[in-house]
Amino acid sequence: MATAEKPVMVVGIDESDHSSYALQWTLDRFFAAYAPNFPFKLILVHAKPTPTSAVGLAGPGAAEVLPFVDSDLRRIAARVVEKAKEVCASKSVNDVLVEVMEGDARNVLCETVEKHHASVLVVGSHGYGAIKRAVLGSVSDYCAHHAHCSVMIVKKPKTKH
């Protein structure tokens with residue numbers, strides 16, 4: 001008898017506290033309690049911006065800057081991945097696939113969902129208001145409308161003063 005493959009859960013990661021909280025929240029609720037028989041195959045994905053998108057449409061001399069920007073973006077991606085792996089290991093979740101893909105986070109997350117036929121996509125929420133969301137764009141909002149799976153948006157609790 002063939003064993004059924006586990007459903008896939010994709011978690012978007014970046015350098016923000018909101019992303020870190022969403023990963024920890026997910027591990028606590030969907031993995032830590034089930035060790036070692038996790039209900040999902042876990043895939044973490046980081047969207048590394050392209051150097052040109054990070055620099056923008058700069059004038060003359062921009063080409064000389066791009067290798068340095070790319071190097072910085074690679075260092076940031078490596079740091080994000082290492083931190084995420086440490087968080088997973090601290091919760092005894094070691095069987096995790098981590099991918100770094102270049103591009104806009106909205107597209108990268110939706111493409112990863114498609115590629116792995118994910119059942120669930122987990123993203124953190126920065127908690128932007130309507131104006132900031134309209135200007136900056138919301139990754140979680142985009143994914144909720146375009147990802148071909150269930151999308152869980154994890155909000156970090158606000159601190160009370």
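## Strands β2 and β3

In this predicted model, strand β2, covering residues 41-48, runs parallel to β3 and pairs with it over seven bridges. One residue pair to look for here is His46 and Val100, with Val100 in β3 serving as the bridge partner of His46.

## The sheet as a whole

Step back from that pair and you will find an open sheet of five strands, with parallel pairing and the order β3-β2-β1-β4-β5. The edges belong to β3 (96-102) and β5 (150-155); each has a single partner strand, so one side of each is left without a neighbour in the sheet. From one strand to the next, the twist averages 25°.

## Helices on the sheet

Two helices are worth following from here. Helix α4, made of residues 105-116, packs on the sheet and touches β1 (8-12), β2, β3 and β4 (120-125). Its direction makes about 135° with that of β3.

Helix α6, residues 139-146, also packs on the sheet, where it touches β4 and β5. Between the directions of α6 and β5 the angle is about 160°.

## A close look at Lys48

Back in strand β2, we meet Lys48. Is this lysine, Lys48, buried or exposed? Lys48 has a relative accessible area of 6%, and because the cut-off for buried is under 20%, Lys48 counts as buried.

What does the side chain of Lys48 meet in a polar contact? The partner is the side chain of Glu102, at 2.8 Å. Leaving aside residues up to four places away in sequence, Lys48 touches Val100, Met101, Glu102 and Gly103, along with Asp70, Leu73, Arg74 and Ala77.

## Thr52 in helix α2

Thr52 is part of helix α2, which spans residues 51-55. Its relative accessibility is 49%; exposed would require over 50%, so Thr52 is classed as partly exposed.

Thr52 can also be viewed together with Leu66: 14 residues separate the two in sequence, while their C-alpha atoms lie 6.9 Å apart in space.

## How far to trust the model

Over the chain, pLDDT averages 87, and 84% of the residues score at least 70. Which element has the highest confidence, and which the lowest? Strand β1 is at the top with 98, whereas helix α5 (residues 130-136) is at the bottom with a mean of 52. Predicted coordinates should not be read in detail where pLDDT is low.

Key
Residues are numbered from 1 along each chain as its sequence is written. This is a predicted model: local features need pLDDT of at least 70, side-chain atom pairs count only at pLDDT 80 or more; totals for chains, interfaces and linings use all residues. Side-chain values use heavy atoms; hydrogens and water are left out. Helices (H or I, at least four residues) and strands (E, at least two) are DSSP runs, numbered from the N terminus. Buried means under 20% relative accessible area, exposed over 50%, partly exposed in between (1.4 Å probe, protein chains only). Two strands pair if DSSP finds at least two bridges between them. Axes are lines fitted to C-alpha atoms, for helices over the stretch in contact, and angles run from 0 to 180 degrees between N-to-C directions. Contact means heavy atoms within 4.5 Å. A polar contact is a pair of N or O atoms within 3.5 Å; within protein, one must be able to donate a hydrogen and the other to accept it, and residues adjacent in sequence count only if both atoms are side-chain atoms. pLDDT is the predictor's confidence in each residue, from 0 to 100.
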